[in-house]
Amino acid sequence: MSSVSEYFSGLFGGIKSLLTGMRVTWGELWTKKITEQYPENRATLVIPDRFRGELVMPHDDNNEHACTACGICQMNCPNGTIQVISKTIETEEGKKKKILDRYIYDLGLCTFCNLCVITCPSDAIVFANTFENAIYTRSKLVEQLNHEGSKLREKKKEPKPVVSQPVAKAEAAVHGDNSKPEGTPQTPVEPIPAQDIKEDSGIHPEQNYPKDVTTKTVPPSKTEADIDPKKDKE
Ligand code: SF4
Ligand code: SF4
């Protein structure tokens, strides 16, 4: 009797399991497909910008890059993927300067950890989202990232900030007019009208001296009692 009940419970269990599987299959049959038909869809394929395909060194239209050959990326690379080869040149002023000669990157060793990009102080390297890097020879995975004849992009010198007139007047009021040669009698500076003073000029609107002029408090000199407590008792 027990064998007959076991037979039927097993039979119904199998049918239930089959129906569960069929329900999942039927549901998946009608969901939207996400499979990419690569390489047939190469023309329309969208690769996310943040995908790390290979390391590159961007150059501008003047064939200039931002790498100073400091070697920080090479030091931070955990598996020796980067080789920064520098050379020393003499500038027009006669100073010696280290510049980048060759920046060698071995794509075959790279783990795409991004440490080199994060630690570069000049933002000279980035990851490109190219991905079709498969080739038959490993040696072809070793690349020079700086272009032939490229050079370091010179930083533009920022002009000195122009001191606004109220501040210049205030400085003259506090320190005297230093623009005149030594020995020239100082002419008294007229107080600046409050309406002429801008909020961010650093000058108190009711007084013609800067807000941040501080005065030092000179500590009182020590008495003999401070130096020798016994004398105080006597
Ligand atoms: S890529 Fe950046 S970290 Fe590497 S050598 Fe050039 S400036 Fe230095
Ligand atoms: S991504 Fe990582 S492994 Fe690749 S070169 Fe940069 S630091 Fe080295």
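Begin with the largest nonpolar core of this predicted model. Among its 15 residues, select Met57, Cys67, Ile82, Tyr103, Cys116 and Ile125, which touch the most other members. Then colour strand S3 (82-90) and strand S4 (96-106), the elements that give two or more residues to this core. S4 provides the largest share, three residues.

Keep Ile125 selected and display its surroundings. Which residues does Ile125 contact beyond its neighbours within four places in sequence? They are Leu55, Met57, Cys73, Cys116, Val117 and Cys120. Met57 and Cys116 in this list also belong to the group of core residues that touch the most other members.

Ile125 leads directly to ligand 1, since the residue is listed in the shell around that ligand. Select the shell in three stretches. The run from Cys67 to Cys73 comprises Cys67, Thr68, Ala69, Cys70, Gly71, Ile72 and Cys73. Val84 comes next along the chain. The remaining members are Cys120, Ser122, Ala124 and Ile125. By class, nine residues of this shell are nonpolar and three are polar, with no charged residue. Cys67 links this site to the core, being listed both around ligand 1 and among the core residues that touch the most other members.

Move now to ligand 2, which has 14 residues around it. Select Cys77, Thr81, Cys110, Cys113 and Cys116, the ones that come nearest. The shell holds nine nonpolar and five polar residues, again with no charged residue. Cys116 has been met already, as a contact of Ile125.

Next, show the strands as a cartoon and select the open sheet of three strands, ordered S3-S4-S6 with antiparallel pairing. S3 and strand S6 (142-144) stand at the edges with a single partner strand each, so one side of each has no neighbour in the sheet. Neighbouring strands are turned by 25° against each other on average, direction ignored.

Examine the pairing of S3 with S4, where nine bridges join the antiparallel strands. At one position, Glu90 stands opposite Lys96 in S4. Follow the chain through the hairpin of S3 and S4, where five residues lie between the strands. Select Gly94 there: its phi is positive, near 85°.

Finish on the other side of S4. How many bridges join S4 to S6? There are three, and these strands also run antiparallel. Select Tyr105 to find Glu143 of S6 opposite, then Ile104, whose bridge partner in S6 is Gln144.

Key:
Residues are numbered from 1 along each chain as its sequence is written. Chains are lettered from A and ligands numbered from 1 in the order in which they are written. This is a predicted model: local features need pLDDT of at least 70, side-chain atom pairs count only at pLDDT 80 or more; totals for chains, interfaces and linings use all residues. A residue is near a molecule or strand if its C-beta atom, placed from the backbone, lies within 6 Å of it. Ala, Val, Leu, Ile, Met, Phe, Trp, Tyr, Cys and Pro count as nonpolar, Asp, Glu, Lys and Arg as charged, and the others, Gly among them, as polar. A nonpolar core is a set of buried Ala, Val, Leu, Ile, Met, Phe, Trp, Tyr and Cys residues joined through C-beta atoms within 7 Å. A residue is buried if 20 or more other C-beta atoms lie within 10 Å of its own, exposed if 12 or fewer, and partly exposed in between; C-beta atoms are placed from the backbone. Helices (H or I, at least four residues) and strands (E, at least two) are DSSP runs, numbered from the N terminus. Two residues are in contact if their C-beta atoms, placed from the backbone, lie within 7 Å. Two strands pair if DSSP finds at least two bridges between them. Axes are lines fitted to C-alpha atoms, for helices over the stretch in contact, and angles run from 0 to 180 degrees between N-to-C directions.
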